[in-house]
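Student: Can you show me how to read a structure like this one? I would like to take the features one by one.

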Amino acid sequence: MLELGERHFAVAQEEDARVENRAASSLATAEEVGLARLLLNSSRASFEAAQGEATYSFLAVAALLGRDANTVRIQDNYPDAAPLPGFEKIAGISSVQHPKVRIQEATVREARANVELQRSRLLPSVSADSYDFQYGDFHGNTANQWASVLTVHVPIFDFGGAYLATKSASIKLQAEIERRAAVGQDLKKDLLDAVMNIKQSAGSFARASGEVVEAQRVATRIEEQAKLDQALLGELNMAKLKLLDKKADLEQAHYELLHRYALYQEATGGQWKWIAR
């Protein structure tokens, strides 16, 4: 994107200089001069903004990696996206292995254990303790005594506190089980939405590619004509600028498409990797 911005700015400068030269010879109107300057200023602003964004992004990546910016090298072309997996297959895997599912299943196990704990408080409990006593006198006569104590704890009436605690734990368990089913449904919907977004972005990318091809065809035709007619140089510069704009749109569409692939990986919980190996 930065390279396209730089080329756009260079063509805008060329067009501005051409119009200024024509104006000096009274061959260009004030309106044409104003439009050329406006185009130049707009292109300059866009290029400077792209430079600032590129610098910030570079430093942010270096900080994220914990490395000095001078040691970081960023690939200047996009990676290839891996083919999408079969929907039912990846949905089945995600329904079991997705982190959200595993977290919810852990919550269900915790709720079930709490129910068992609360139920145990309604039942009698038994504990046994054994003791070994050794005693003697100053003449060396000693004896051992072994004693065992069996204790039975029987819950007494607590105004229904233990029963209500058990019932509350059971209700929470049922709610968590239902939540587990809802998590699975939400994940499947997220996967379906992610696939639809990829298809929409792929359509936008295809349209942008076609527009670049058409803009290139027009620019090439005018360039050939301008070799024979200098009056077409202004039209040629405008065609070049339009071509660069279309290429920038294509780059943005490509980025959006790959970003959708990355979001699909996130929706699968990392069970599928979007970068082709």
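Student: What percentage of the residues of the chain count as buried?

Tutor: Start with the cut-off: buried means under 20% relative accessible area. This is a predicted model. Of its 277 residues, 23% count as buried.

Student: And what is the accessible surface of the chain?

Tutor: It comes to about 18,900 Å². Carbon and sulfur atoms hold 56% of that area.

Student: How many helices and strands are there in the chain?

Tutor: Count six helices and two strands. Then read their order along the sequence: α-α-α-α-β-β-α-α.

Student: How do I read the contacts along the chain?

Tutor: Look at how far apart the partners sit in sequence. Take the contacts with a separation of 6 or more. Residues 24 or more positions apart account for 72% of them.

Student: Which residues have the most contacts inside the largest nonpolar core?

Tutor: A nonpolar core joins buried residues of certain types through side-chain atoms within 4.5 Å. Here the largest one has 14 residues. L191, I198, Y261, Y264, W272 and W274 have the most contacts inside it.

Student: Which elements give two or more residues to this core?

Tutor: They are α3 (87-97), α5 (161-226) and α6 (233-267). Of these, α6 gives the most, with five residues.

Student: What is L191 in contact with, leaving aside its neighbours within four places in sequence?

Tutor: L191 touches F87, I90, A91, S94, Y264, A267 and T268.

Student: Which residues does the second, separate core include?

Tutor: That core has 12 residues, among them A208, I222, A239 and A253.

Key
Residues numbered from 1 in each chain as written. Predicted model: local features only at pLDDT ≥ 70, side-chain atom pairs only at ≥ 80, totals over all residues. Heavy atoms only, no water. Helix = DSSP H or I, 4+ residues; strand = E, 2+ residues; numbered from the N terminus. Buried < 20%, exposed > 50% of the residue type's maximum accessible area, 1.4 Å probe, protein only. Contact = heavy atoms within 4.5 Å. Areas by Shrake-Rupley, 256 points an atom, 1.4 Å probe, with all protein chains shown as cover.
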